[in-house]
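Biologist: I have a structure on my screen and would like to learn how to read it. Could you walk me through some of its features?

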Amino acid sequence: MRRSGIRYDADREVVVTAGAIEAVTAALLALCNPGDEVLTLDPCYDAYEAAASLAGARLVAVPLATEGDRFCLDEAALRAAVTPRTRLLLNSPHNPTGKAFTAAELAAVARACLDHELTAVTDEVYEHLVYDGAGHHSLASVPGMRERTLVVSSAGKTFNVTGWKVGWACGPDRLVEAVLSAKQFLTFASGTPFQLAVARMLGDEEAWMAWTAELRSTLQRHRDLLRTGLEQAGLRTYRGEGGYFLQADIRGASYTDGTRFCRDLPARAGVAAIPCSAFRHSPHNPHTDRLVRFSFCKPADVVREAALRLAGTWQV
C-alpha cells in the first residue's frame, strides 16, 4: 500500500486469499462471536450478510444519506447503531452506489471506531477506480486506525482479472493471525501461478500505475457516456465517484418500483440493470425502491449503444 503511505510487514501483516470475499468472510469468522453485530452502510454488497451469518453475527445496515447527486455518510445514524458487540465493515469505493468516501467522512468513521474501540474491516477492491481526480482514502490511514483496521483488496478489479481470485488482507499481526486461523480451513492455497503474476505486476510500480491510470480514464469516459444517456432518458443519476456503477432514479421513466423497471427494461430497451432494493438490508431505507444500478465496465461500443437505447426509449 505504498501509495497510501501505509507500510505492512509482508511476513506478519499480510495474508493472501482466494479473492476479496474470502478475505472478508475469513475476517468475520475470525473476529466475530455468535450474537455480535456487523455494522455496514446500506445498500451494501449482498455477500456481507452471508458472511456475517456464517459467523453467527447479525448484519446491521445504516442507510447512506443523499445530498444532491451524491451519497453521503450520516455520522449520527452510524454512531446510534454502535453497541458493545459491534464490528465495522466499510466498503469504499462503495458497491452498489459508486460512492467514494471522503477524507472528512472517514475521519468521522474513525472517531466512532476510536470512541467505541471498534475493530474495522474495510473492503477496498475498487481503490484504484476513483474518478475526477479525487483519489482513494483508506480508513487505515486515519491517525489511530492502522492498529484496529484490516484492509481488504484484490487484483480482480484493479487488473481486470476477476477470475484469478487473488485477494489479500493487510493489518496488524494480531488481526492477520486471526484471519489466518479461519482462512486455512476455507482454502489452504489457491492460484499460485496467478499470485506470482500479480506479485510481478505489483513489484513494477511504474507499470501498474500506468495500467490503472489508463483503466481509470477509460472507465470515467464510459461512466460519462452512460450517465448522459440516462439523463437524456429523464433518469436522475448519482455521481458514480468510484467503482463502475451508476445509480439512477427511475421515477423519470414513470416507474416507482425498481424491480418492475428492471424486469421491463430488457424488452423495452435491450439493456439490463439491477434494482437497488436487491442490495438493501435496512427496513429504514425505502428510497432504494426507486433506484437501479447500471454498470459501465463494458467495451465502449456496448456502453454507447446502451446509452443510445436508453435515451431513445425514454427521450425527454
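Modeller: We will go through helices, a helix pair, backbone angles, cysteines and a few single residues. Keep in mind that this is a predicted model.

Biologist: Let's begin with a helix. How many residues does helix 4 have, and how far does helix 4 reach?

Modeller: A helix has a regular rise, so its span can be compared with an expected value. Helix 4 covers residues 103-116, which is 14 residues. From the first C-alpha to the last it reaches 20 Å, close to the 20 Å expected at 1.5 Å a residue.

Biologist: Which residues of helix 4 are buried?

Modeller: First the general idea. An α-helix has 3.6 residues a turn, so residues three or four places apart point the same way. Now the case here: Glu105, Leu106, Ala108, Val109, Ala110, Ala112 and Cys113 are buried in helix 4.

Biologist: What do the buried residues of helix 4 pack against?

Modeller: Their partners are three strands and a helix, namely strand 5 (70-72), strand 6 (86-91), strand 7 (120-123) and helix 3 (75-80).

Biologist: Does the reading go the same way for another helix? What span should helix 8 have, and what do its end C-alpha atoms give?

Modeller: With 28 residues at 1.5 Å a residue, helix 8 should span 40 Å, and its end C-alpha atoms are 40 Å apart, which agrees. The buried residues of helix 8 include Trp208, Leu215, Arg216, Leu219 and Arg223. Among the elements that the buried residues of helix 8 pack against are helix 5, helix 7 (192-203), strand 11 (245-249) and helix 10. Just after helix 8 comes Gly234, with a positive phi of about 85°.

Biologist: You mentioned helix 10. How do the axes of helix 8 and helix 10 cross?

Modeller: For a helix pair, look at the distance between the axes and at their angle. The axes of helix 8 (residues 205-232) and helix 10 (residues 300-313) come within 7 Å and cross at roughly 10°. Angles under 35 degrees count as roughly parallel, so helix 8 is roughly parallel to helix 10.

Biologist: Which residues make that contact?

Modeller: Helix 8 contributes His222, Leu225, Leu226, Gly229, Leu230 and Gln232, while helix 10 contributes Ala300, Val303, Arg304, Ala307, Leu310 and Ala311. Sorted by class, the contact has eight nonpolar, three polar and one charged residues.

Biologist: On to the backbone. Where are cis peptide bonds found?

Modeller: Omega is the angle to check. A cis peptide bond joins Ser92 and Pro93, with omega about -10°. Another cis bond joins Asn95 and Pro96, where omega is about 25°. Pro93 lies in the loop between strand 6 and helix 4, and Pro96 is placed in the loop between strand 6 and helix 4 as well.

Biologist: Which residues have a positive phi although they are not glycines?

Modeller: Glu117 is one of them, with a phi of about 55°. Glu117 sits in the loop between helix 4 and strand 7 and is exposed, at a relative accessible area of 64%. Asn160 has a positive phi of about 60°. Asn160 is in the loop between helix 5 (155-159) and strand 9 (167-170), and its 52% relative accessibility counts as exposed.

Biologist: Now the cysteines. How many disulfides are there, and why?

Modeller: A disulfide is a covalent bond between the sulfur atoms of two cysteines. The structure holds zero disulfides. The sulfur of Cys44 is 10 Å from the closest cysteine sulfur, in Cys276, so that is too far for a bond. For Cys113 the closest cysteine sulfur is in Cys32, 13 Å away, again too far for a bond. Cys44 is buried, at 1% relative accessibility, and Cys113 is buried with a relative accessible area of 1%.

Biologist: Last, single residues. Is Ala120 buried or exposed? And Pro84, buried or exposed?

Modeller: Ala120, found in strand 7, is buried with a relative accessible area of 0%. Leaving out residues up to four places away in sequence, Ala120 touches Leu88, Cys113, Leu139, Met145, Arg148, Thr149 and Leu150. Pro84, in the loop between helix 3 and strand 6, counts as exposed at 86% relative accessibility.

Methods:
Residues numbered from 1 in each chain as written. Predicted model: local features only at pLDDT ≥ 70, side-chain atom pairs only at ≥ 80, totals over all residues. Heavy atoms only, no water. Helix = DSSP H or I, 4+ residues; strand = E, 2+ residues; numbered from the N terminus. Buried < 20%, exposed > 50% of the residue type's maximum accessible area, 1.4 Å probe, protein only. Contact = heavy atoms within 4.5 Å. Axes fitted to C-alpha atoms, helices over the stretch in contact; angles between N-to-C directions. Parallel < 35°, antiparallel > 145°, perpendicular 65-115°, else oblique. Nonpolar A, V, L, I, M, F, W, Y, C, P; charged D, E, K, R; others polar. Disulfide = S-S within 2.5 Å.
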